[in-house]
Amino acid sequence: MGKFCERLRGLRKEQGMTQREMAEACGVKPRTYQDYEYNKSYPTVVGLIFLADFFGVTTDYLLGRSDKREQ
C-alpha cells in the first residue's frame, strides 16, 4: 500500500499543511499521522473516510486503487 502514504503526503503538501496540522485536523497524535505518511500504519475506516472527505478525493484514490480523484 505504498501509494497511500505517497498520495496522503502529496495531498497534504498541496494544501500547504504540516504533519502536525494534519494530525490535529484528524484528531490523532502527530506520531500517528507521521506513521501514515511513512507507511508504518493506516487509519481506521472512519479515519480514511475523513481524509477522503477532507481532501475532496475518493477513498479509492487515497488507497491507490484509482487514479481518478473524484467520482
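A polar contact is a pair of N or O atoms within 3.5 Å, where one must be able to donate a hydrogen and the other to accept it. Here's a case to start with: the side chains of Gln 19 and Glu 37 are joined by a polar contact of 2.9 Å. Keep in mind that this is a predicted model. Below is a quick tour of the charged pairs, the rings, the nonpolar core and one loop residue.

**Around Gln 19**

- Gln 19 belongs to helix α2, which covers residues 19–26.
- Is Gln 19 buried or exposed? Its relative accessibility is 15%, so Gln 19 counts as buried, the cut-off being under 20%.
- Setting aside residues up to four places away in sequence, Gln 19 touches Arg 12, Tyr 33, Gln 34, Glu 37 and Tyr 38.

**Salt bridges that meet at Glu 37**

- How many salt bridges does the structure hold? There are six of them, and a few are worth a look here.
- Glu 37, the polar partner of Gln 19, is buried, with a relative accessible area of just 1%.
- One of its salt bridges is with Arg 12, at 2.5 Å from N to O. That pair links distant parts of the chain, with Glu 37 in helix α3 and Arg 12 in helix α1, 25 residues apart.
- Both of these partners, Glu 37 and Arg 12, are buried.
- Arg 9 forms a salt bridge with Glu 37 as well, and here the closest N and O atoms are 3.6 Å apart. Arg 9 sits in helix α1 and Glu 37 in helix α3 (residues 30–37), so this pair ties together parts that are 28 residues apart in sequence.
- Arg 9 has a relative accessibility of 25%, so it counts as partly exposed.
- Put together, Arg 9, Arg 12 and Glu 37 make up a network of salt bridges.

**Arg 7 and its two partners**

- Which residue does Arg 7 meet in a salt bridge? The partner is Asp 67, and the N to O distance is 2.6 Å.
- This is another link between distant parts of the chain: Arg 7 is in helix α1 (residues 2–14), Asp 67 is in the segment after α5 (59–63), and the two are 60 residues apart.
- The two ends of this bridge fall into opposite classes. Asp 67 counts as exposed because its relative accessibility is 60%, while Arg 7, at 13%, counts as buried.
- Arg 7 has a ring partner too: its charged end sits over the ring of Tyr 61, 4.2 Å from the ring's centre.

**Aromatic rings**

- The model has four aromatic pairs. In one of them, Phe 54 and Phe 55 have ring centres 5.1 Å apart and planes at 90°, so the pair is edge-to-face.
- Ring pairs also link Phe 50, Phe 54 and Phe 55 into a cluster.
- Phe 54 is partly exposed, with 33% relative accessibility, whereas Phe 55 is buried, with a relative accessible area of 11%.

**Nonpolar core**

- Which residues touch the most other members of the largest nonpolar core? That core has 15 residues, and the answer is Phe 4, Leu 8, Leu 51, Phe 55 and Leu 62.
- Helices α1, α2, α3, α4 (45–55) and α5 each supply at least two of the core's residues. The one that gives the most is α4, with four residues.
- Phe 55, met above in the ring cluster, touches Leu 8, Leu 11, Arg 12, Gln 15 and Met 22, leaving out residues up to four places away in sequence.

**Met 22**

- Met 22 is in helix α2, and at 0% relative accessibility it counts as buried.
- Met 22 and Arg 12 are ten residues apart in sequence, and their C-alpha atoms are 7.5 Å apart in space.
- Apart from neighbours within four places in sequence, Met 22 is in contact with Arg 12, Met 17, Tyr 33, Leu 51, Phe 54 and Phe 55.

**A loop residue to look at**

- Where is Asn 39? It is in the loop between α3 and α4.
- Asn 39 is not a glycine, yet it has a positive phi of about 60°.
- With 34% relative accessibility, Asn 39 counts as partly exposed.

Notes. Residues are numbered from 1 along each chain as its sequence is written. This is a predicted model: local features need pLDDT of at least 70, side-chain atom pairs count only at pLDDT 80 or more; totals for chains, interfaces and linings use all residues. Side-chain values use heavy atoms; hydrogens and water are left out. Rings of Phe, Tyr and Trp (its six-membered ring) pair if their centres lie within 6.5 Å; planes under 30 degrees apart count as stacked, over 60 as edge-to-face and the rest as tilted. Buried means under 20% relative accessible area, exposed over 50%, partly exposed in between (1.4 Å probe, protein chains only). A charge sits over a ring if NZ of Lys or CZ of Arg is within 6 Å of the ring centre and within 35 degrees of the ring normal. Contact means heavy atoms within 4.5 Å. A salt bridge is a side-chain nitrogen of Lys or Arg within 4 Å of a carboxyl oxygen of Asp or Glu. A nonpolar core is a set of buried Ala, Val, Leu, Ile, Met, Phe, Trp, Tyr and Cys residues joined through side-chain atoms within 4.5 Å.
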